[in-house]
Number of protein chains: 2
Amino acid sequence: MKDIGSEEFIMSTLQNKEVWEKTDRWDDKKVDIWFKSELKNGNQVGFGWSHEEPIVDLMKSYITSYNDLPRFVHQFQNKLRNETRAKSGVIRCREFIMKDMYAFCGSDEENMEFYNKSTEAYLKVFKRIGLGDITYVTSAAGGVFTDKFSHEFQTLCESGEDLIYVHKDNNIAINKEIYNEETVKKMGLEMNDFEEKKAAEVGNIFNFGTSKCEQMDLYFSDKEGNRKPVYLSSYGIGITRLMGVLVEVFHDDKGIIWPEAVAPFKKHLIVLGEDKEVVDAAEELYKKIIDNSEEVLFDDRTNVTAGAKFADADLIGIPQRLIISKKTLAENSVEVKERSSADSRLVPLTEMLAVVEGI
Amino acid sequence: MKDIGSEEFIMSTLQNKEVWEKTDRWDDKKVDIWFKSELKNGNQVGFGWSHEEPIVDLMKSYITSYNDLPRFVHQFQNKLRNETRAKSGVIRCREFIMKDMYAFCGSDEENMEFYNKSTEAYLKVFKRIGLGDITYVTSAAGGVFTDKFSHEFQTLCESGEDLIYVHKDNNIAINKEIYNEETVKKMGLEMNDFEEKKAAEVGNIFNFGTSKCEQMDLYFSDKEGNRKPVYLSSYGIGITRLMGVLVEVFHDDKGIIWPEAVAPFKKHLIVLGEDKEVVDAAEELYKKIIDNSEEVLFDDRTNVTAGAKFADADLIGIPQRLIISKKTLAENSVEVKERSSADSRLVPLTEMLAVVEGI
């Protein structure tokens, strides 16, 4: 996000009724996922399920002139949504972390430039975590956010809640909610070339044009001194859900297979047995890895069988498993196995230490 | 926290009624700062103002035997408290970040050992951010958390809400709420040696003994197979409030003076004028600083006077201000000024680049 010019910040969970009333999104009949409570003085307070209204309100203090534009900000923040049915674990839950980004621009052109740049950045993110080949930029209705078309990032996934139509040649898709002859023709494509798939929405981007800022009275003076409404677009990645989708996509019957880019640890070091020599060798390797700022999970439990340690390692799904035992030490080696492969190999300890130290 | 053996994790904002009823802390008459709302099915849900109950509940899945103890965990998490009066900016607000840590131990001795270790760690934190000399370990009542004595970390501060009695020789204090002849005598001290001061509570630590775990049914089997309640102590630092206290303590009439350890940036680079030579030199220095992973705020605004830039720099309070202008470049230098001092000096650009590159 920083590479495309966005600054990180964070907004509050607590939400002002007045701010959301300006766009008529406080009313439970308009937005049915609000959690609300009451202050001691009887005033209502909401809990943030989205942050478009408060960021536009906040930006009134920072944007008055064309000199202040464009402005891009993003946060990693906890959203609270009063879903009727929380389901599929972290795929749909009432509390989750979202990365949300907001672009404030002085013209449609500037806004669209950032919209396209962000689309590329998002695709890069999904590619880096291994979902590139099964994640599609998908045309969708605006939903509660906007009455224009929007774009979703949909990842093919059996436990996904959405149905999308994927084009057989192009790297695009259309959400079922707007999939019809008219939409397809507008895109210059044929309905026969689309195939229905189940997918999970892992990101979405919305172009509000000037509508939201007009509603909320966010205007700026252009170079000629004319008062003009600010262009707004918003960009979200559902971090928590994405974690669930990753597990749905990358697993086998033994457990998770974390992609390296998002694995909680890079290595899972297991020591077998309690012989001093073995434990010392494992401790030495552990310290070397830590000293070189690599992330390693060290299973030095003494009251657990080898089988249980292997099963736990498979379940947790760290990309690389290292085993040190009497057997491997007899060959001055450590056993190395990738979680994604069935084969293991012996690597001389000296070589492993050199790799860890980046020599 | 990691140095004393704690693992970082994070808990949810949403809270289960049932968990808090076990200790009778769901009732608004017992705890008057709850924010509560309702799920779609009519069930009540709370918003976390503390996380002692949920962490004890969670630990039931992880602690069953002496092998599982001790266990230390901490989080940086957003607390929500329905305060009657939010005041003094971030010193007392309804939403704030807390670092809370929890220790689960098998014996009083183990628990007290961690209690003392944490006290030392906390004092180290306050020392590192420049509050060491005016922050006191203060004896206090247990408050809503416990009926035993607890300890607060109180920082002398005119806008603080607490009154504490500081001993003239020892590095300790007593909160007004328990300051009386009896308490002082118990400590083997004299009332004459204490002086009343205004202070802000920046941290607190509580020893629950086994009471909380007994209430919530968290027991473990010791080596002999006996069922015993787990010892619990909890440790908090109010990060958001601490930021406010830092500003109260470190400021002058021009603005904030951030201590280096917590400054949002280490350097504030200002370029004056729009001559290509000057701007290029500033950009080069900026890139060098960034490349060496130092944090720098770069004021390259072109529509702002030098005076306004200086005033903003003083207001924001970054520890070191660097100025590049036609005047400084005439001497191949950059002007360097610490925010905490009135004096500036010229440093040759070559020397500054070498310092930045750590040569």
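## A short tour, starting at a cysteine

Select Cys93(A) to begin: its relative accessible area is 16%, so this residue counts as buried. Keep in mind as you click around that you're looking at a predicted model.

Stay on Cys93(A) and look for a partner. Which cysteine sulfur is closest to the one in Cys93(A)? It belongs to Cys157(A), and the gap is 14 Å, too far for a bond. Here's the background: a disulfide is a covalent bond between the sulfur atoms of two cysteines. To count as one here, the two sulfurs have to be within 2.5 Å.

Now hop to chain B and pick Cys105(B). This cysteine is in no disulfide either; the nearest cysteine sulfur, in Cys213(B), is 9.9 Å away. Is Cys105(B) buried or exposed? Buried, because its relative accessibility is 0%. In fact, searching the whole structure turns up zero disulfides over all chains.

Next stop, still in chain B: Gly209(B). You'll find this glycine in strand β11, which covers residues 194-209. Gly209(B) has 6% relative accessibility, so it counts as buried. Now add Glu196(B) to your selection, 13 residues away along the chain. From C-alpha to C-alpha, Gly209(B) and Glu196(B) are 31 Å apart.

Last, head back to chain A for some surface. Select Phe76(A), in strand β5 (residues 71-80). With 39% relative accessibility, Phe76(A) counts as partly exposed. Add Ile97(A) and Ile239(A), and you have a nonpolar patch on the surface made by these two and Phe76(A). Together, the three have about 230 Å² of accessible area.

Key:
Residues are numbered from 1 along each chain as its sequence is written. Chains are lettered from A and ligands numbered from 1 in the order in which they are written. This is a predicted model: local features need pLDDT of at least 70, side-chain atom pairs count only at pLDDT 80 or more; totals for chains, interfaces and linings use all residues. Side-chain values use heavy atoms; hydrogens and water are left out. Helices (H or I, at least four residues) and strands (E, at least two) are DSSP runs, numbered from the N terminus. Buried means under 20% relative accessible area, exposed over 50%, partly exposed in between (1.4 Å probe, protein chains only). Patches are made of residues with over 30% relative accessible area and no salt bridge: like charges are joined within 9 Å, nonpolar side chains (Val, Leu, Ile, Met, Phe, Trp, Tyr) within 5 Å. Accessible areas come from the Shrake-Rupley method with a 1.4 Å probe; for residues, only the protein chains shown count as cover. A salt bridge is a side-chain nitrogen of Lys or Arg within 4 Å of a carboxyl oxygen of Asp or Glu.
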